[in-house]
Structure formats: C-alpha cells, structure tokens
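I opened this notebook to record a few look-ups, going from a pair of packed elements to a single side chain. The entries below follow the order in which I checked them.

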Amino acid sequence: MAANDFQARDVDAGKPTSARLYHYFLTGEPVFRSDQIFGDKVYDELPFLHTWTMHNRAFLVRAVRFMVSQGIRQFLDIGSGLPTGGNTHEVAREIDPSARVVYVDKDLDAVARAHQLLQHEGSTKTTAIIEGDLRDTEQIIGHPESQRLLDFDEPIGLLIVSVLPFVPDDSDPHRLVGQLRDCLPTGSQFAATHVSLEDADDHTKQQGTIAASLYKDTADPVQLRDRATFVRFFDGFTIQDPPGVTYATDWLPDQPVDLDEPARRCNFAAVGRKL
Ligand SMILES: C[S@@+](CC[C@H](N)C(=O)[O-])C[C@H]1O[C@@H](n2cnc3c(N)ncnc32)[C@H](O)[C@@H]1O
C-alpha cells in the first residue's frame with residue numbers, strides 16, 4: 001500500500017500489540033486504555049521496562065548515525081513502530097538532509113501514525129511507510145515504495161531493531177534475514193537488537209520470564225533468544241568490532257553506561273556490514 005493511498009482501518013483495541021505496548025513503555029502515552037491496563041501488568045513484573053525501551057531506542061539512533069558516518073544514505077527500517085522522538089529519517093537527515101527512508105510495520109496504528117507524520121511534514125518524496133510483514137520479505141522488497149526510494153545498487157542501512165523477538169522460530173527468522181541480506185548490495189549495513197534473559201540476574205530472569213509469557217495474550221507473543229542465536233542473524237555480515245556484539249547500552253555509547261542497571265543485560269545489539 002503506497003503512503004499516499006493509505007486508509008486507516010479498524011484495529012482490535014482489545015488486544016494489545018507489541019507496537020502499542022512499546023510506545024506506552026517508551027512514552028507513557030497509551031494508544032488505547034487497554035494498552036495501559038495490560039502494559040501496567042507487564043510493568044508489575046519488570047519495572048525497568050521504560051529504561052529498557054529508552055536504551056533500545058537510543059541504540060537505534062546511534063546505529064543510524066553510525067551508518068550515515070559510513071556513507072549510508074538510504075534505510076529500510078522494518079518494524080519501525082509508532083513514530084516517536086528520533087525517527088530514522090530525522091536522525092539521518094540531521095547529517096544528510098537528502099537521506100531516504102522506507103519504514104515498514106505490520107501494525108495498523110504504527111502505519112497510520114507514520115503516514116500522518118510524513119504527510120504532515122511533507123516528506124513523502126523521500127520517505128515512505130508501508131504496511132508489511134517481515135515474514136514476507138518479497139512483498140517488502142518488491143513494494144512500489146521500496147522500489148521508488150531505495151537504489152539496490154547502493155549500500156542500504158537495514159534496521160530490524162527489537163522486532164525479531166516477535167518472529168517465532170517456526171517462521172524461521174534467520175532465513176528471513178538471510179533473504180533480505182541477499183537483496184542488499186555489498187557495503188550495506190544491518191543493525192539489530194534482541195531481548196534476552198541469558199545474562200540477566202536470577203531475579204530478573206524470573207520476572208522477565210513471567211513478563212514475556214504475558215505477551216501470549218497480545219497480538220505478538222515474544223520469543224527470547226540467547227547470544228549465540230542472535231549472532232547467527234549476522235551470518236553473511238561482518239560484525240562491526242569494536243564494539244562487537246554487546247548490550248544495546250554498550251554499543252558505541254555516547255554517555256556513561258550504568259554497569260549495574262538490570263535492564264542493561266537484557267538486550268543484545270550489533271551492527272554488521274554486508275560482505
Ligand atoms: C518493540 S517495537 C520496536 C520499534 C522500533 N524498531 C524500535 O526499536 O524503537 C516492535 C515493532 O515491530 C513490529 N513488528 C513485529 N512483528 C513484525 C513483523 N512480523 N513484521 C513487521 N513488523 C513487525 C511491531 O508492530 C512493532 O512496531
């Protein structure tokens with residue numbers, strides 16, 4: 001669906017989605033009252049969720065700045081979420097106003113709000129939001145807006161930040177990332193984060209397991225993965241090292257990192273360059 005023919009459709013307000021919950025944790029502003037009620041139940045288990053989402057988002061911003069510093073001028077941001085501060089096109093354009101961005105999300109509120117923002121800004125010439133699902137990479141790559149805005153002969157910045165936990169093993173997320181990688185020209189960069197409890201302290205492991213299980217009642221159940229499984233998403237990429245595979249907080253930080261913060265150890269992050 002092209003950005004300029006997007007029509008808002010009914011959403012199931014009763015069933016929270018990962019996009020709306022993430023937005024609530026990040027901004028404190030629920031889209032629907034049901035998101036707040038459900039989000040507060042998750043908060044009861046993991047009070048550091050606001051901090052976790054802030055760190056995740058801050059990684060995305062640093063990764064985009066890093067990619068622009070490496071010469072990337074076009075981005076495919078899959079699972080972009082509801083627009084908030086530090087959207088990819090805003091960050092990239094601080095450095096190069098001509099940067100082009102295609103956002104993709106399967107969440108109707110995320111798509112509708114991004115569409116509204118881009119229309120309002122008048123930036124649809126260089127930025128688009130498409131309704132798409134990571135599980136259908138062909139649709140994403142072949143979409144007229146991707147074809148209009150992305151030059152597949154020039155390096156592309158692929159962002160899949162905190163989205164893979166919502167793609168279960170039976171959808172084979174490694175194969176999906178591989179399909180996208182194969183469409184990218186050499187020199188492209190790939191950034192990802194993934195929630196994990198592998199390195200968490202015992203208390204956080206316990207609470208995090210309960211919080212993750214609550215997501216079974218949402219549109220987007222969560223799958224936790226370990227470091228080794230996260231690293232395999234970078235097959236065919238050379239991981240930027242330093243810093244290597246780190247926690248999101250620790251990836252080229254631009255402010256001091258609180259090493260004792262429990263949220264820190266629960267989000268793996270990396271950026272890789274396509275060989
Ligand atoms: C936790 S939010 C992350 C938002 C943003 N990437 C960030 O890191 O700030 C996850 C987003 O991924 C989207 N998502 C989940 N599964 C998806 C899928 N299969 N295809 C496309 N988007 C998906 C959700 O709708 C949501 O907007």
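At what angle do helix 1 and helix 2 pack, and how far apart are their axes? Working with a predicted model, I found that helix 1 (residues 18-27) and helix 2 (residues 33-45) pack at about 70°, and that their axes lie 10 Å apart. Since angles of 65 to 115 degrees count as roughly perpendicular, I noted helix 1 as roughly perpendicular to helix 2. I also looked up the hand of this crossing, which is right-handed.

Next I listed the residues that make the contact: helix 1 contributes Arg20, Leu21, Tyr24 and Phe25, while helix 2 contributes Asp35, Gln36, Phe38, Gly39, Asp40, Val42 and Tyr43. Sorted by class, this contact of helix 1 with helix 2 comprises six nonpolar, two polar and three charged residues.

I then turned to asparagine 56, which I located in helix 3 (residues 49-69). Is asparagine 56 buried or exposed? Its relative accessible area is 2%, and because buried means under 20%, I entered asparagine 56 as buried.

Which residues does asparagine 56 touch, leaving aside those up to four places away in sequence? I recorded Tyr22, Val161, Ser162, Thr193 and Asn267. For two of these partners I also looked up polar contacts between side chains: the side chain of asparagine 56 meets that of threonine 193 at 2.8 Å, and a polar contact of 3.0 Å joins the side chains of asparagine 56 and asparagine 267.

Conventions:
Residues are numbered from 1 along each chain as its sequence is written. This is a predicted model: local features need pLDDT of at least 70, side-chain atom pairs count only at pLDDT 80 or more; totals for chains, interfaces and linings use all residues. Side-chain values use heavy atoms; hydrogens and water are left out. Axes are lines fitted to C-alpha atoms, for helices over the stretch in contact, and angles run from 0 to 180 degrees between N-to-C directions. Helices (H or I, at least four residues) and strands (E, at least two) are DSSP runs, numbered from the N terminus. Angles under 35 degrees count as roughly parallel, over 145 as roughly antiparallel, 65 to 115 as roughly perpendicular and the rest as oblique. A crossing is left-handed if the near helix is turned anticlockwise from the far one by less than a right angle, and right-handed if clockwise. Contact means heavy atoms within 4.5 Å. Ala, Val, Leu, Ile, Met, Phe, Trp, Tyr, Cys and Pro count as nonpolar, Asp, Glu, Lys and Arg as charged, and the others, Gly among them, as polar. Buried means under 20% relative accessible area, exposed over 50%, partly exposed in between (1.4 Å probe, protein chains only). A polar contact is a pair of N or O atoms within 3.5 Å; within protein, one must be able to donate a hydrogen and the other to accept it, and residues adjacent in sequence count only if both atoms are side-chain atoms.
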